[in-house]
Amino acid sequence: MSMKIARISYLATVIACLLLPTATSKAETLDSSATGFTFAFSLPVDGHLKHVFEGLTEDIGAWWLADHTWYGKSENMTLQLRPGGCLCEIDSESRFTEHLRVVKVEPYSLIRFTGGLGPLQGEGVTGVMDWSLKNSADEQTTTLTVRYRVSGYSPNDLSAWAEAVENVLLQQMTSFQTYMNQ
């Protein structure tokens with residue numbers, strides 16, 4: 001692919017992500033530069049943190065948005081909670097995508113991933129994402145906090161990705177929040 005076509009494709013992806021509807025909560029960009037960005041957001045989710053953790057990890061195909069998969073089927077999403085485990089999309093025996101890799105699990109409180117989501121996968125970057133859970137005092141609500149830091153080399157300005165990636169992750173987790181709050 002020529003550099004001009006790659007650049008147009010990159011810009012079209014960023015613009016498309018920016019035009020997607022925004023979820024009800026707002027992510028906070030903690031830093032952003034040509035070489036990376038960090039953002040975080042929190043959402044309240046109905047239920048004790050054990051129940052919320054199980055929903056996040058066991059039912060991912062039920063709440064993951066098909067629009068944010070490579071093959072258009074959220075039911076293809078799986079999450080393996082083990083060292084080197086995969087947040088994967090498996091379409092067939094020979095066609096799959098590793099979205100993120102599991103590098104740390106603290107049951108019912110933290111899952112840490114590494115990798116570049118979506119189009120970032122094809123850039124010379126990596127990321128560290130945390131899904132943290134904290135129970136409310138009455139244990140009826142759990143706060144889900146998502147933090148994602150991306151950095152590395154890209155011929156493109158990575159700060160241009162920050163808002164689009166924030167928006168997509170916020171949509172995903174708002175979908176999870178809705179799923180759990182039913």
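Five aromatic residues, Trp63, Trp64, Phe113, Trp131 and Phe176, are linked into a cluster by ring pairs. A search through the whole structure turns up seven aromatic pairs. Keep in mind that this is a predicted model. Around that cluster there's a chain of 182 residues, with 45% of them buried, and an open sheet of eight strands. Here's the tour, topic by topic.

**The overall layout**

- The chain has four helices and eight strands.
- If you walk along the sequence, you meet them in the pattern α-β-β-α-α-β-β-β-β-β-β-α.
- Take the contacts in the chain with a separation of 6 or more: 57% of them come from residues 24 or more positions apart.

**The sheet**

- Going across the open sheet, the strand order is E1-E2-E8-E7-E6-E5-E4-E3, and the pairing is antiparallel.
- Which strands stand at the edges? They're E1 (28-33) and E3 (77-79), and each has a single partner strand, so one side of each has no neighbour in the sheet.
- From one strand to the next, the twist averages 20°.

**How the strands pair up**

- E2 and E8 run antiparallel to each other and pair over 11 bridges. In this pair, Phe37 sits opposite Val150 in E8.
- How many bridges pair E7 with E8? There are 12, again in the antiparallel sense. Here you'll find Lys134 opposite Thr143 in E8.
- E7 and E8 also make a hairpin, with five residues between the two strands. Look for Glu139 in the turn, which has a positive phi of about 60°.
- Strand E4 (residues 86-90) and strand E5 (residues 96-106) are antiparallel too, and five bridges join them. Across this pair, Leu87 faces Leu100 in E5.

**Helices against the sheet**

- Helix H2 (residues 49-58) packs on the sheet and touches six strands by name: E2 (36-46), E3, E5, E6 (110-114), E7 (124-135) and E8 (141-153). The direction of H2 makes about 150° with that of E7.
- Helix H4 packs on the sheet as well, touching E1, E2, E7 and E8. Its direction makes about 15° with that of E2.
- H4 covers residues 159-180, so to speak 22 residues in all, and reaches 32 Å from its first C-alpha to its last. That's close to the 32 Å expected at 1.5 Å a residue.
- Is H4 mostly covered or mostly open? It's mostly covered, with 17 of its 22 residues buried.
- As background, an α-helix has 3.6 residues a turn, so residues three or four places apart point the same way.

**The disulfide**

- You'll find one disulfide in the structure. It joins Cys86 to Cys88, with an S to S distance of 1.4 Å.
- In case the term is new, a disulfide is a covalent bond between the sulfur atoms of two cysteines.
- Why is the disulfide of Cys86 and Cys88 called right-handed? The torsion about its S-S bond is about 80°, so it gets that label.
- Are Cys86 and Cys88 buried or exposed? Both of them are buried.

**Two residues to zoom in on in E5**

- Leu100 belongs to strand E5. Its relative accessibility is 2%, so Leu100 counts as buried, given that the cut-off for buried is under 20%.
- Leu100 and Cys88 are 12 residues apart in sequence, and their C-alpha atoms are 7.1 Å apart in space.
- Not counting residues up to four places away in sequence, Leu100 touches Gly85, Cys86, Leu87, Phe113, Thr114, Gly115, Gly116, Leu117, Met129 and Tyr148. One of these, Phe113, is part of the aromatic cluster, and another, Cys86, is part of the disulfide.
- Val102 is also in strand E5. With a relative accessibility of 2%, Val102 counts as buried.
- Val102 and Gly84 are 18 residues apart in sequence, but in space they're 5.3 Å apart, C-alpha to C-alpha.
- Leaving out neighbours within four places in sequence, Val102 is in contact with several residues, including Leu79, Arg82, Pro83, Gly84, Cys86, Arg112 and Phe113.

Terms used
Residues numbered from 1 in each chain as written. Predicted model: local features only at pLDDT ≥ 70, side-chain atom pairs only at ≥ 80, totals over all residues. Heavy atoms only, no water. Expected span 1.5 Å × (residues − 1). Buried < 20%, exposed > 50% of the residue type's maximum accessible area, 1.4 Å probe, protein only. Phe/Tyr/Trp six-rings, centres within 6.5 Å; stacked < 30°, edge-to-face > 60°. Pairing = 2+ DSSP bridges. Axes fitted to C-alpha atoms, helices over the stretch in contact; angles between N-to-C directions. Contact = heavy atoms within 4.5 Å. Disulfide = S-S within 2.5 Å.
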